[in-house]
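Me: I'd like a close look at one part of this model, with the side-chain pairings spelled out. Could you walk me through it in one go?

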Amino acid sequence: MTKSTDPFYDDGEEVIAEVRAVRHRISAQFGHDPYKLVAYYKERQRRHGDRLIPAPKPERKDQSAA
């Protein structure tokens, strides 16, 4: 069955496969060592922190009802 005739085919699957391939190539640069990989991502996060969108702060439950 081809993707054009498959009713369950999602174009996003190609994008996900591409992202996974890139992540695998980055991991291979560090011999798939998780410690080196995390260090690499932390350094990139430090250098490019201005490009990151901060996570929303969690909503606090109303303490007065207790």
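Which side chains meet in a salt bridge at 2.6 Å, N to O? Please start there and then work outwards.

Reply: Sure. Keep in mind that this is a predicted model.

The pair you're asking about is Glu-43 and Arg-46, whose side chains form a salt bridge at 2.6 Å, N to O. Both sit in helix α2, which covers residues 34–47, and they are 3 residues apart, so about one helical turn separates them. That spacing fits a general rule: an α-helix has 3.6 residues a turn, so residues three or four places apart point the same way. And side chains of opposite charge can pair when their charged atoms come close.

Now look at the other partner of that glutamate. The side chain of Glu-43 also meets the side chain of Arg-47 in a salt bridge, this time at 3.7 Å, N to O. Here the two residues are 4 apart in helix α2, again about one helical turn. The cut-off for a salt bridge is 4 Å, so the 3.7 Å pair makes the list. Because the two bridges share a partner, Glu-43, Arg-46 and Arg-47 are joined into one network. The count for the structure comes to 2 salt bridges.

How open are these three residues? Glu-43 is partly exposed, at 32% relative accessibility. Arg-46 has a relative accessible area of 59%, so it counts as exposed, the cut-off being over 50%. Arg-47, with 45%, is partly exposed.

Staying with helix α2 but moving to the aromatics, the structure holds 2 aromatic pairs. In one of them, the ring centres of Phe-30 and Tyr-40 are 5.0 Å apart and the planes lie at 40°, so this pair is tilted. Phe-30 belongs to the loop between α1 and α2 while Tyr-40 is in helix α2, so the pair ties together parts that are 10 residues apart in sequence. Phe-30 is partly exposed at 23% relative accessibility, and Tyr-40 is partly exposed too, at 22%. Ring pairs also bring in Tyr-41, linking Phe-30, Tyr-40 and Tyr-41 into a cluster.

The loop leads us back to the other helix. Just after α1, Gly-31 takes a positive phi of about 65°. Helix α1 itself runs over residues 12–29 and includes Ser-27. It has 18 residues and reaches 26 Å from its first C-alpha to its last, close to the 26 Å expected at 1.5 Å a residue.

Ser-27 is worth a stop. At 12% relative accessibility it falls under the 20% cut-off, so it counts as buried. Its side chain makes a polar contact with the side chain of His-32, at 2.8 Å. Leaving aside neighbours within four places in sequence, Ser-27 is in contact with His-32 and Leu-37.

To put this part in its setting, the chain has 2 helices and 0 strands. Buried residues make up 5% of its 66 residues. The accessible surface of the chain comes to about 6700 Å², and 56% of that belongs to carbon and sulfur atoms.

So, back to your starting point: Glu-43 pairs with Arg-46 at 2.6 Å and with Arg-47 at 3.7 Å, because its partners sit 3 residues and 4 residues along helix α2, about one helical turn away in each case.

Methods:
Residues numbered from 1 in each chain as written. Predicted model: local features only at pLDDT ≥ 70, side-chain atom pairs only at ≥ 80, totals over all residues. Heavy atoms only, no water. Buried < 20%, exposed > 50% of the residue type's maximum accessible area, 1.4 Å probe, protein only. Polar contact = N/O pair within 3.5 Å; in protein donor to acceptor, adjacent residues only side chain to side chain. Contact = heavy atoms within 4.5 Å. Phe/Tyr/Trp six-rings, centres within 6.5 Å; stacked < 30°, edge-to-face > 60°. Areas by Shrake-Rupley, 256 points an atom, 1.4 Å probe, with all protein chains shown as cover. Expected span 1.5 Å × (residues − 1).
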